[in-house]
Amino acid sequence: MGEEAGAQAARSRALAVLRIRGRALAVALLPAAVAVVLLAAAATGRVEGTVWAAARWAVTVLAVLALAAAAVVALVVARARPALSPTVPISEAAAPDLYRLVRDLADRLDVPAPSAIALTPDCDSWLEDRTHPAHGACARRREAGAPQGEGPPAGGADDADDADDTDSGTRIGGGRPVRSRAPAAPVLVIGSPFLWWMRVGELRAVLAPVVAGTGPSAHPDIAAARRFVRGLDAAVAVASAPGRGPLARTVLGGVGWVARLLLRGCRMHAAEMERGVAAAAAERAQTVDYGARIVAQEQVGLAYAGWDRLLTRVALPAWRMGRWPSRLDAGVVSALTELSRRDRLAEGFASRLGERPACDLLEEPGTVDEAASLLAARLFHGGPAESGPGWAPVAWQEYPDEIVDRKWRMDAARLHRVLDALGVSRSCDPEAPDPEGPTLGRVIDHLTDPERAARRGPGTREADDHYADAAPADEDREDSDEGRSGQLAAGLSAELAREEAAAPARPAPTGQSPDDALWDDGALPLFPLQPPRSGRELLADHVSAMVCCAAMDTAGATPGLDWLDGPSLLLGGERAADLTPRVLTLVEDGDPEPLRAWLTTQGVRPEKPLRLV
């Protein structure tokens with residue numbers, strides 16, 4: 001589909017949406033029109049009699065009710081605040097080179113420049129319309145002098161509104177600042193990982209089709225259709241909000257029904273309109289950096305893979321402990337560099353690091369990275385909106401000691417609390433007295449299944465180097481679940497559930513009104529990273545933590561950070577990559593021999609008491 005064909009298809013679908021709006025208005029006005037005709041006929045004496053009089057009064061009452069209902073629906077649709085994406089606003093003073101790049105790109109594409117730039121902690125970029133009157137009203141309330149400390153959480157709606165007029169009130173196209181009204185052009189939202197991983201030329205190529213979308217967005221019919229659809233969507237959200245009184249619930253229930261009915265009618269046309277807009281923008285962008293865009297798209301996929309690994313393997317353990325890494329985007333560079341080194345398909349990517357990174361377009365990249373990192377923790381984990389007790393930033397150089405070491409010792413302590421609750425002796429030898437502190441030998445002894453270990457026998461056991469490929473049979477797994485490991489896993493799950501229930505609740509939103517909050521704190525996280533872990537996974541993690549604690553306390557091992565796999569144990573400066581399969585053999589098979597052999601090789605003494613949190 002060419003540019004003109006795409007634009008024409010978008011305009012035709014926009015007109016279809018507007019026709020639905022016109023038909024809805026016609027339906028609302030039809031009783032009034034009939035009432036006017038009947039009243040005019042009665043005034044001129046053309047219709048007389050009680051039947052016509054009754055019909056006239058009935059239609060008039062129906063017209064008044066229809067007009068009142070239409071006014072309520074129109075008022076809710078007009079005043080309902082469409083949802084905004086949580087972003088970090090970037091003023092022109094904070095990134096003049098980035099604004100200049102986007103402005104030059106818009107000039108080459110011959111499209112209106114975006115009104116502002118904002119960053120999102122995700123691997124995506126888009127245009128977002130923030131011209132709704134409610135957004136401008138919120139900005140005016142801020143300018144009226146709201147007391148310090150009020151307003152919604154950081155990264156919330158009001159923070160996102162800053163991108164409408166930017167912190168300094170400037171526009172990307174220059175000119176006199178305008179703070180009393182929302183800008184006409186949409187806001188350009190850029191994925192923050194792109195700025196740190198991509199080079200300047202690659203970022204320009206990736207943004208070309210996005211910026212090109214401001215052209216179709218400026219068409220009056222497309223803009224009006226989008227406003228109508230967004231208003232209906234916002235009205236549905238308002239009607240679904242809890243905490244209303246009986247009368248308000250009844251009225252808003254009717255408004256929600258009408259809005260959903262209209263949305264169903266607009267759904268197909270709106271989707272086709274957006275496809276036409278995207279096709280027209282992509283076709284227009286073909287004239288700018290087409291060759292570089294092919295290479296840049298490879299970097300988009302690589303950035304997404306590294307970002308996902310960094311969040312799930314590195315950031316998530318810290319978030320669960322009440323700490324948030326303050327330089328996530330800088331960590332993306334380290335993670336992707338490591339991925340490029342390991343993956344033979346990405347051999348040429350490391351050479352790009354000599355080129356100018358796109359984050360150089362920011363005046364203070366560290367400050368922006370910190371804000372994006374905090375917003376990422378809020379979106380993906382549901383953390384607080386700002387630092388405070390139990391929610392503090394952590395630098396990468398502090399991560400091994402502050403997160404890895406502490407996490408392992410907390411998990412090991414939890415494991416021993418569950419063993420104490422199960423009445424398991426602290427001594428491996430029933431005739432010997434209990435040691436003064438917890439030991440790894442206690443865990444291994446409890447999880448060992450003598451009958452299964454005897455059945456395997458030394459003649460049937462494979463070499464230690466092949467235990468990574470061993471997978472217990474289904475019946476063995478079922479037996480394990482029903483035995484000691486299953487009992488211990490259930491105890492760990494219950495202990496974690498108690499700890500989560502005892503954790504202090506997040507503070508309520510501090511916005512000036514419900515509409516000021518971009519999201520409901522009860523709905524966080526918006527994008528959970530991982531599903532709940534099974535009992536077997538929890539047990540394996542806790543046993544591994546116990547082994548790591550023993551290695552640190554008795555064999556001189558140190559905690560480390562692997563950019564792709566998260567917390568790791570360093571033995572002699574090298575990562576211990578062969579530990580996990582041996583722990584799984586103990587947990588799932590009840591066979592301790594592979595793990596005991598590894599402990600002996602590394603000089604770890606399982607009988608020594610350990611220091612736990």
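Helix axes here are lines fitted to C-alpha atoms over the stretch in contact, and the angles between them run from 0 to 180 degrees between N-to-C directions. With that in hand, here's a walk through this predicted model.

**A helix pair to start with**

Helix α15 (residues 440-447) packs on helix α18 (residues 484-502) at an angle of about 125°, and their axes are 8 Å apart. Angles from 65 to 115 degrees count as roughly perpendicular and those over 145 as roughly antiparallel, so α15 and α18 come out as oblique to each other. On the α15 side, D445, H446 and L447 make the contact, while α18 brings R484, S485 and L488. Sorted by character, the residues of this contact are two nonpolar, two polar and two charged.

**The whole chain**

Zooming out, the protein has 21 helices and nine strands. It runs to 613 residues, and 47% of them count as buried. Take the contacts with a separation of 6 or more: 81% of them are between residues 24 or more positions apart.

**Two annotated stretches**

The unreviewed UniProt entry lists residues 24-45 and 57-78 under "transmembrane region". Here's what the model shows over each of them.

| Stretch | Helix | Strand | Distance between end C-alpha atoms |
|---|---|---|---|
| Residues 24-45 | 91% | 0% | 33 Å |
| Residues 57-78 | 100% | 0% | 31 Å |

R56 is worth a look in this part of the chain. It has its place in helix α2 (residues 50-79). Is R56 buried or exposed? Its relative accessibility is 17%, and buried means under 20%, so R56 counts as buried. Setting aside neighbours within four places in sequence, R56 is in contact with L38, L39 and A42. Those partners can be read against the record, where UniProt gives 24-45 as one of its "transmembrane region" stretches.

**The four-strand sheet**

Next come the sheets. Strands of a sheet pair through backbone hydrogen bonds, in either a parallel or an antiparallel sense. One open sheet has four strands in the order β1-β2-β4-β3, and its pairing is mixed. Its edges are β1 (88-90) and β3 (126-128), each of which pairs on one side only. From one strand to the next, the twist averages 35°.

Inside that order, strand β2 (residues 116-120) and strand β4 (residues 187-191) pair in the parallel sense over five bridges. If you want a spot to click on, A116 stands opposite V187 in β4. Helix α7 (residues 200-211) lies across β3 and β4, and it runs at about 140° to β4.

A106 makes a handy marker too. It sits in helix α3 (residues 96-109) and is buried, with a relative accessible area of 1%. Which residues does A106 touch, leaving aside neighbours within four places in sequence? The answer is V111, P112, A113 and V211. A106 also has a pairing across the sequence that you can check by distance: T214 is 108 residues away along the chain, yet the C-alpha atoms of A106 and T214 are 8.6 Å apart.

**The three-strand sheet**

Further along the chain there's an open sheet of three strands, ordered β7-β8-β9, with antiparallel pairing. β7 and β9 each have a single partner strand and stand at the edges, so one side of each is left without a neighbour in the sheet.

Strand β7 (residues 558-562) pairs with strand β8 (residues 566-571) over five bridges, in the antiparallel sense. The two form a hairpin, with three residues between them. Two positions help you follow the register: T558 stands opposite L570 in β8, and G560 stands opposite S568 in β8.

On its other pairing, β8 meets strand β9 (residues 574-575) in the antiparallel sense over two bridges. Here L571 stands opposite E574 in β9. β8 and β9 also form a hairpin, this one with two residues between them. Which residue in that turn has a positive phi? That's G572, at about 65°.

Finally, helix α11 (residues 290-320) lies across β7 and β8, running at about 95° to β8.

Key. Residues are numbered from 1 along each chain as its sequence is written. This is a predicted model: local features need pLDDT of at least 70, side-chain atom pairs count only at pLDDT 80 or more; totals for chains, interfaces and linings use all residues. Side-chain values use heavy atoms; hydrogens and water are left out. Two strands pair if DSSP finds at least two bridges between them. Contact means heavy atoms within 4.5 Å. Angles under 35 degrees count as roughly parallel, over 145 as roughly antiparallel, 65 to 115 as roughly perpendicular and the rest as oblique. Ala, Val, Leu, Ile, Met, Phe, Trp, Tyr, Cys and Pro count as nonpolar, Asp, Glu, Lys and Arg as charged, and the others, Gly among them, as polar. Buried means under 20% relative accessible area, exposed over 50%, partly exposed in between (1.4 Å probe, protein chains only). UniProt positions are given in the numbering used here, feature names are shortened, and annotations may be inferred rather than shown by experiment.
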